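Q: Please give me a close look at a single part of this protein, and then show me what lies elsewhere in the fold. I would like the cut-offs behind each term as you go.

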Amino acid sequence: MRPGAKVAVIGAGSWGTTFAKVLCDAGADVTVWARRAEVSDEIQVAKRNSQYLPGINLPKTLKATANLAEALSGARLVFLAVPSQSLRQNLLEIEPFLDPASVLVSLVKGVERTTTMRMSEVIHDTLDLEPERIAVVSGPNIALEIAKEQPTGAVASCASLEIAQEVAKACSAPYFRTYVNTDVVGTELGGVLKNLIALAIGIVDGVGYGENTKASIITRGLAEMTEFAVGQGGDPITLSGLAGLGDLIATCQSPLSRNNTAGRLIGQGYSMEEIREQMQQTAEGITSVAPILEIAKAQNIVMPIVQQVSMVLDGEMEPKNLGPHLATEDGIPQRELVLGGESTSVWRRLFRRRKERS
């Protein structure tokens, strides 16, 4: 993109506002859209978003509005930073104002519950855009750390390498380095699946288990993520990079991670209603567990850690039992990772027995 090119960010939560700051610092002409006028007014006038990024001064060049037409006027790149379950509705609202040549870039790490679609698939399904007009950005992206300009990296992915490079250049700030690939599936699924493993890490942390347990869950979780992504057509190399392992580490270890925080509160015995009241933000992992397991079942992929998280969420397993179930039930050693074929293990028998007993 040429310096000063017009871009829009749809969504002014912590991540949307942070990414708008990144784009400004990379030299773009940025307008962020907020659904609530009080949020857009504060960003526009005070250059603050005190609800989502307390203590952060935003760039003087950043513009904000609650008017979609104003935000999208002339925008070549449109970055989407809204909750996964409301993306489709937001797309319908912005459609009348999109430039015919605009590229939509998903910053959303989730799966649509009703369809099990990834966010890029939701964009295509809703707006019927060709793959070259749909991109994703993912990586270890703890919003507050980036807003404080702590160095990090990310991956911009699109079926068109040229478009991926355009997106990467638009958001390559001095503290935010962006790499590129054409593996949209792997890049997107890395961002989805790590949230589920972070929930597990938070749960065992809330229970009081130590570093060995957490390291085992992270490592086995990466194996589950990789097997699942490869089964959907992703590249295993992507899962070992920033969009996979990098994002997994950041989300699992950071107290700023919403999914880690939600899991920790679950492990401490809080109800889902109490967790929602405390957090005031969406933990995408909670809404992604069911659709991911639905896809895994259809593809004959076994995901024991994600299955255990689901059982904890459904009240079928005590949080304290999640860690010990890393061990196999019948003591038969299993291979660490199976790619490109059916993954059969004692876990299938374990969950079958649980179902039969219930």
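A: What follows begins with one strand and its sheet, then turns to a loop residue and some helix packing.

This is a predicted model, in which local features need pLDDT of at least 70 and side-chain atom pairs count only at pLDDT 80 or more, while totals for chains, interfaces and linings use all residues. Residues are numbered from 1 along each chain as its sequence is written, and side-chain values use heavy atoms, leaving out hydrogens and water.

Let's settle on strand 7, residues 152–158. (Strands are DSSP runs of E with at least two residues, helices are runs of H or I with at least four, and both are numbered from the N terminus.) Seven of the seven residues of strand 7 are buried, so the rest of the structure largely encloses it; buried means under 20% relative accessible area, exposed over 50% and partly exposed in between, with a 1.4 Å probe and protein chains only. The side chains alternate: T152, A154, A156 and C158 point one way, G153, V155 and S157 point the other way, and every one of them is buried.

Strand 7 has two partners, where pairing asks for at least two DSSP bridges between strands. With strand 6 (residues 134–138) the sense is antiparallel, over four bridges. Here A135 stands opposite C158, and V136 has S157 as its bridge partner. With strand 8, strand 7 runs parallel, and six bridges join the two. A154 is matched there with T178.

Stepping back, these strands belong to an open sheet of eight strands with mixed pairing, in the order 3-2-1-4-5-6-7-8. Its edges are strand 3 (63–65) and strand 8 (176–181), each pairing on one side only. From one strand to the next, the twist averages 25°. Across strand 2 (29–33), strand 4 (77–80) and strand 5 (103–106) lies helix 4 (residues 87–94), which runs at about 150° to strand 4. Such angles run from 0 to 180 degrees between N-to-C directions, and axes are lines fitted to C-alpha atoms, for helices over the stretch in contact.

Between strand 5 and helix 5 (119–127), the loop holds G110. G110 is buried, with a relative accessible area of 0%. Leaving aside residues up to four places away in sequence, G110 touches S84, R118, M119, V192, E284 and S288; contact means heavy atoms within 4.5 Å. The C-alpha atoms of G110 and G285 are separated by 7.1 Å, although the two residues are 175 apart along the chain.

Now for the helices. The axes of helix 8 (residues 184–207) and helix 15 (residues 304–313) come within 9 Å and cross at roughly 60°. Helix 8 and helix 15 are therefore oblique to each other, the class left over once angles under 35 degrees count as roughly parallel, over 145 as roughly antiparallel and 65 to 115 as roughly perpendicular. L196, I197, L199, A200 and I203 of helix 8 meet I305, V306, V309 and V312 of helix 15. The residues of this contact are nine nonpolar, no polar and no charged.

Helix 9 (residues 211–231) and helix 11 (residues 242–253) pack at about 140°, their axes 11 Å apart, and are therefore oblique too. I218, L222 and M225 of helix 9 make the contact with G244, L245, L248 and C252 of helix 11.

Note on methods
Ala, Val, Leu, Ile, Met, Phe, Trp, Tyr, Cys and Pro count as nonpolar, Asp, Glu, Lys and Arg as charged, and the others, Gly among them, as polar.
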